[in-house]
Amino acid sequence: MTDTPEKTGTRIGRRTVLMATGVTVATLAVGAAVASESPTAEAAPGLVPAAAAAVCTLTKEMTEGPYYLDGQYVRADVTEGKAGAPLKLALTVVDDDTCVPVSGALVEIWHCDALGEYSGFVGNNGHSEPDDGTFLRGGVLTDSSGLAAITTIYPGWYRGRCVHIHVKVHTGVTLTSDGSFTGGRELHTGQLFFSETVTTAMAKISPYSTNKVTRTTLTQDSVYDGGGAASGLLTLTALGSSASSGYAGTLTLGVEQ
């Protein structure tokens, strides 16, 4: 794999918003992201949606990259037994004009495993492992608070890119009998990024430490522009006392409907 695949992806001009995160969203993540194992995420009772007090900030969408696969499963846990530190994502979708939470939207993610391999493309980062075409891919429908809670693992890295997760937001999808989805309208394509301090600590533990591919840092990345939460930088909250315990990752995404 070279450092070019995602640099050549199309940057979409459609407007979208990533909203600044704070204490309310972090609380939402710890309380709600760990709770849902159903296709529709359920927020913890009594929590106020983060969008209520947020200020909308417009930003560009990020490149889709070369590793997207259609028709993935609608599910709250995408790990499929993959080794790595737990990551509990709490992504809140809101309307960019009104900041009102968007319910029933499908938030879909995909990312590489600890060794930098994507399902459906295993071997591109130099490792040989089973490839079912579905691990670390999938999504959930947002609840009435606009929350999508997804369980995954902290991503690894591959040549030419910093640690990241790809994300899409769809509305109007139809769930299918095989656990996937069809139709609908794609409102947002973006990427989620991670603190370099946390990633450095993660790279020292197994199985991340066995990935010998040179790691591109956040500041060296060709896609992340240094814009913080407005550019997809997650707020990370430790789930334990060590990196191996994992993190809750939160962000509010605003979309133009």
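**Figure 1. Strand 7 and strand 10 are paired in the antiparallel sense.** Strand 7 covers residues 164-171, and eight bridges join it to strand 10 in this predicted model. One point of reference is H164, which stands opposite F193 of strand 10. Strands of a sheet pair through backbone hydrogen bonds, and the pairing can be parallel or antiparallel.

**Figure 2. Four strands make up an open sheet.** Their order is 5-4-7-10, and they pair in the antiparallel sense. Which strands lie at the edges? They are strand 5 (137-141) and strand 10 (185-193), each of which pairs on one side only. From one strand to the next, the twist averages 20°.

**Figure 3. Strand 3 and strand 6 pair in the antiparallel sense, and strand 6 is covered on both faces.** Seven bridges connect strand 3 with strand 6. A90 stands opposite A149, a residue of strand 6. In a regular strand, side chains alternate between the two faces of the sheet. On one side of strand 6 are L147, A149, T151 and I153, and on the other are A148, I150 and T152; all of these are buried. Because seven of the seven residues of strand 6 are buried, the strand is largely enclosed by the rest of the structure.

**Figure 4. The largest nonpolar core has 39 residues.** The residues with the most contacts inside this core are L89, L91 and Y154. Which elements give two or more residues to the core? They are strand 3 (86-95), strand 4 (106-110), strand 6, strand 7, strand 10, helix 2 and strand 12 (247-255). Another core, of eleven residues, lies apart from the largest one, and its members include V74, W110, Y158 and F181.

**Figure 5. R161 and D221 meet in a salt bridge.** The N to O distance between their side chains is 2.7 Å. R161 lies in the loop between strand 6 (147-153) and strand 7, while D221 lies in the loop between helix 2 (196-202) and strand 11 (235-238), so the pair ties together parts that are 60 residues apart in sequence. Are these two residues buried or exposed? R161 counts as buried, at 3% relative accessibility, and D221 counts as buried, at 7%.

**Figure 6. E196 forms a salt bridge with R215.** The closest N and O atoms of this pair are 2.4 Å apart. E196 belongs to helix 2 and R215 to the loop between helix 2 and strand 11, so the salt bridge ties together parts that are 19 residues apart in sequence. With a relative accessibility of 23%, E196 counts as partly exposed.

**Figure 7. E80 and R75 form a salt bridge.** Their closest N and O atoms are 2.9 Å apart. E80 is partly exposed, with a relative accessible area of 34%, whereas R75 is buried, with a relative accessible area of 16%. Side chains of opposite charge can pair when their charged atoms come close.

**Figure 8. A network of salt bridges links E64, K168 and E186.** How many salt bridges does the structure hold? There are seven. K168 is one of the residues of the network, together with E64 and E186.

Definitions and conventions
Residues are numbered from 1 along each chain as its sequence is written. This is a predicted model: local features need pLDDT of at least 70, side-chain atom pairs count only at pLDDT 80 or more; totals for chains, interfaces and linings use all residues. Side-chain values use heavy atoms; hydrogens and water are left out. Two strands pair if DSSP finds at least two bridges between them. Axes are lines fitted to C-alpha atoms, for helices over the stretch in contact, and angles run from 0 to 180 degrees between N-to-C directions. A salt bridge is a side-chain nitrogen of Lys or Arg within 4 Å of a carboxyl oxygen of Asp or Glu. Buried means under 20% relative accessible area, exposed over 50%, partly exposed in between (1.4 Å probe, protein chains only). A nonpolar core is a set of buried Ala, Val, Leu, Ile, Met, Phe, Trp, Tyr and Cys residues joined through side-chain atoms within 4.5 Å.
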